[in-house]
Amino acid sequence: MPKFIRNYIAGGTYFFTLVTSDRLKFFTDERYIESFLSALSTIQKYHHFDLIAYCVLPDHIHLILTLAEDDKDFSSRIKEIKKMTTKESREFSGDRFLIIWQKRFWEHTIRDQEDFQNCFDYIHYNPIKHGYSDTYDWLWSSYWSYYCEGENNAPEIDPKKFQNSMNSFGE
């Protein structure tokens with residue numbers, strides 16, 4: 001098994017991909033989605049981070065998080081979010097052995113504004129890329145929290161800009 005080297009930078013902004021175990025589509029059930037979002041919110045209160053963008057898809061989740069200036073420990077936050085999601089999901093499913101997540105997660109340190117915009121756009125284009133939606137009306141995404149004034153103000157994301165980097169988003 002390869003040894004992964006994480007890039008821990010205090011105050012860093014990171015793009016994450018969390019994938020379900022065996023790519024099972026747990027997040028088609030709203031209870032699992034709510035468990036994830038609840039865990040995300042709870043962990044954010046105790047281990048502060050800024051949630052910049054997210055998208056919950058049936059078999060994977062994308063996030064952009066920024067840590068406080070003196071903090072570089074994103075791994076514990078991801079671990080706790082996955083753990084709490086699993087605990088809540090086991091309770092309502094009645095399956096105390098339920099496994100939701102792959103053991104690892106994918107992380108990318110955002111280097112500059114262009115990299116940030118690319119990751120931000122990729123997250124919001126992802127439901128279209130995977131065929132779950134043909135518009136940006138995906139319910140489980142932060143897209144409309146940024147562009148809630150209506151479609152006239154929302155930018156159209158050009159999928160061609162991801163062609164050279166499709167394998168670099170952890171899917």
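## A tour from T20 outward

Start by selecting T20, which sits in the loop between strand 1 (13-19) and helix 1. Keep in mind as you click around that this is a predicted model. Is T20 buried or exposed? Buried: its relative accessible area is 0%, and under 20% is what it takes to be called that. Now show what surrounds it. Leaving out residues up to four places away in sequence, T20 touches F26, F27, P58, D59, I100, W101 and Q102.

**Stop two: strand 1**

Step back from T20 into strand 1 and colour it by accessibility. The strand is mostly covered, with seven of its seven residues buried. Look at one side and you'll find T13, F15, T17 and V19; flip to the other and there are Y14, F16 and L18. Both faces are covered, and the residues on each are all buried.

**Stop three: the sheet**

Now bring up the strands as a cartoon. In what order do the four strands of the open sheet run? Reading across, the order is 2-3-1-4, and the pairing is antiparallel. Strand 2 (50-57) and strand 4 (106-109) are at the edges with a single partner strand each, so one side of each has no neighbour in the sheet. Turn the view to look along the sheet: from one strand to the next, the twist averages 15 degrees.

Walk across the pairings one at a time:

- Strand 2 with strand 3 (residues 60-66): an antiparallel pair over seven bridges. Pick A53 and look for its bridge partner in strand 3, which is I64.
- Strand 3 with strand 1: antiparallel again, over seven bridges. Keep I64 selected here, since I64 in strand 3 is also the bridge partner of F15.
- Strand 1 with strand 4: four bridges join these two, running antiparallel. Select Y14 and you'll see T109 of strand 4 standing opposite.

**Stop four: the helices on the sheet**

Add helix 1 to the view. Helix 1 packs on the sheet and touches strand 1, strand 2 and strand 3. Set against strand 2, the direction of helix 1 makes about 165 degrees. Next comes helix 2, which lies across strand 1, strand 3 and strand 4. Helix 2 runs at about 35 degrees to strand 1.

**Stop five: where helix 1 meets helix 2**

Hide the strands for a moment and keep helix 1 (residues 30-46) and helix 2 (residues 74-93). At what angle do their axes cross? Roughly 140 degrees, with the axes coming within 8 Å. That makes helix 1 oblique to helix 2, because an angle has to be over 145 degrees to count as roughly antiparallel. The crossing is right-handed.

Show side chains at this contact. From helix 1, select R31, Y32, S35, F36, S38, A39, L40, T42 and I43; from helix 2, select R77, E80, I81, M84, T85, E88, S89, F92 and S93. Colour by residue type and the contact divides into eight nonpolar, six polar and four charged residues.

Zoom in on S89, which belongs to helix 2. With 0% relative accessibility, S89 counts as buried. Apart from residues up to four places away in sequence, S89 touches Y32, S35, L98 and I100. I100 may ring a bell: T20 touches I100 too.

**Stop six: Y146**

Jump to helix 4 (residues 143-146) and select Y146. At 40% relative accessibility, Y146 counts as partly exposed. Which residues is Y146 in contact with, leaving aside neighbours within four places in sequence? They are I52, A53 and F120. You have already met A53 as the partner of I64. For a sense of scale, draw a distance from Y146 to F92: the two are 32 Å apart in space, C-alpha to C-alpha, and 54 residues apart in sequence.

**Last stop: K161**

Carry on into the segment after helix 4 and pick K161. K161 is partly exposed, at 35% relative accessibility. Setting aside residues up to four places away in sequence, K161 touches Q117, N118 and D121. Draw one more distance, from K161 to Y122: 9.1 Å in space, C-alpha to C-alpha, with their positions 39 residues apart in sequence.

Definitions and conventions:
Residues numbered from 1 in each chain as written. Predicted model: local features only at pLDDT ≥ 70, side-chain atom pairs only at ≥ 80, totals over all residues. Heavy atoms only, no water. Axes fitted to C-alpha atoms, helices over the stretch in contact; angles between N-to-C directions. Parallel < 35°, antiparallel > 145°, perpendicular 65-115°, else oblique. Left-handed = near helix turned anticlockwise from the far one by under 90°. Contact = heavy atoms within 4.5 Å. Nonpolar A, V, L, I, M, F, W, Y, C, P; charged D, E, K, R; others polar. Buried < 20%, exposed > 50% of the residue type's maximum accessible area, 1.4 Å probe, protein only. Pairing = 2+ DSSP bridges.
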